Structures are given as C-alpha cells and as structure tokens.
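The following exercises are to be worked through with the sequence and the structure at hand. Each task is followed by a stepwise solution.

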Amino acid sequence: MTTDLVTYYGQTDLINQLIDNYGGHLEKLDRETKLLLRVTFLIYVSLLDRLARFWRKIASDCSKN
C-alpha cells in the first residue's frame, strides 16, 4: 500500500523508518485516536526528559561530594 504521507522538516532516518513501518496504519486512524496518541506520546517524552534531568542532577550532586 503506497500513500503520500505527511513529512516534516528535519525528518530523521528513524522517523522515515517509522513512517514506512506504521504510516499506513496511522493514516487509517480517526482524528480523536490520533490526538490521543499524540498526547500520550508527548506525556511519555516529557516524563523521560524530566527523569533524565533528575538523574543528571543526582549525578552532578554525587560528583561534588
């Protein structure tokens, strides 16, 4: 199945691979489901970022002692 999927400026090889693998499935989802997936992904990425900052702070504090 070949469709014209939306691409973004600065798209990476990983994003291209994900689009190739899952783009056709994502195109079939309704608007509400896409929004729910987007929000879920943003929360997940935000939590990962907070966790990374937390561990960097812990590592920094430990290196000072």
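**Exercise 1.** Classify Arg53 as buried, partly exposed or exposed, and identify the residue with which Arg53 forms a salt bridge.

*Solution.* Step 1: the classes are buried (under 20% relative accessible area), exposed (over 50%) and partly exposed in between, with a 1.4 Å probe and protein chains only. Arg53 has 46% relative accessibility and therefore counts as partly exposed.
Step 2: a salt bridge requires a side-chain nitrogen of Lys or Arg within 4 Å of a carboxyl oxygen of Asp or Glu. The partner of Arg53 is Asp49, and the closest N and O atoms are 3.0 Å apart.
Step 3: Asp49, at a relative accessible area of 37%, is likewise partly exposed. Both residues belong to helix 2, four residues apart, about one turn of the helix.

The model is predicted: local features need pLDDT of at least 70, side-chain atom pairs count only at pLDDT 80 or more, and totals for chains, interfaces and linings use all residues. Residues are numbered from 1 along each chain as its sequence is written, and side-chain values use heavy atoms, with hydrogens and water left out.

**Exercise 2.** State how many salt bridges are counted, and describe the one formed by Lys57.

*Solution.* Step 1: the count is two.
Step 2: Lys57 pairs with Asp61, with the closest N and O atoms 3.0 Å apart. These residues also lie in helix 2, four residues apart.
Step 3: Lys57, with a relative accessible area of 52%, is exposed, whereas Asp61, at 30%, is partly exposed.

**Exercise 3.** Compare the span of helix 1 with its expected value, and locate its kink.

*Solution.* Step 1: helices (H or I, at least four residues) and strands (E, at least two) are DSSP runs numbered from the N terminus. The chain has two helices and zero strands.
Step 2: the expected span is 1.5 Å times one less than the number of residues. For the 15 residues of helix 1 this gives 21 Å, and the end C-alpha atoms are 20 Å apart, which agrees.
Step 3: a kink of about 55° is centred on Asn21; the bend is the angle between axes fitted to the seven residues ending at a residue and the seven starting there.

**Exercise 4.** Determine how much of the chain is buried and how much area the chain exposes.

*Solution.* Step 1: of the 65 residues, 2% count as buried.
Step 2: by the Shrake-Rupley method with a 1.4 Å probe, the chain exposes about 6,400 Å², of which carbon and sulfur atoms supply 61%.
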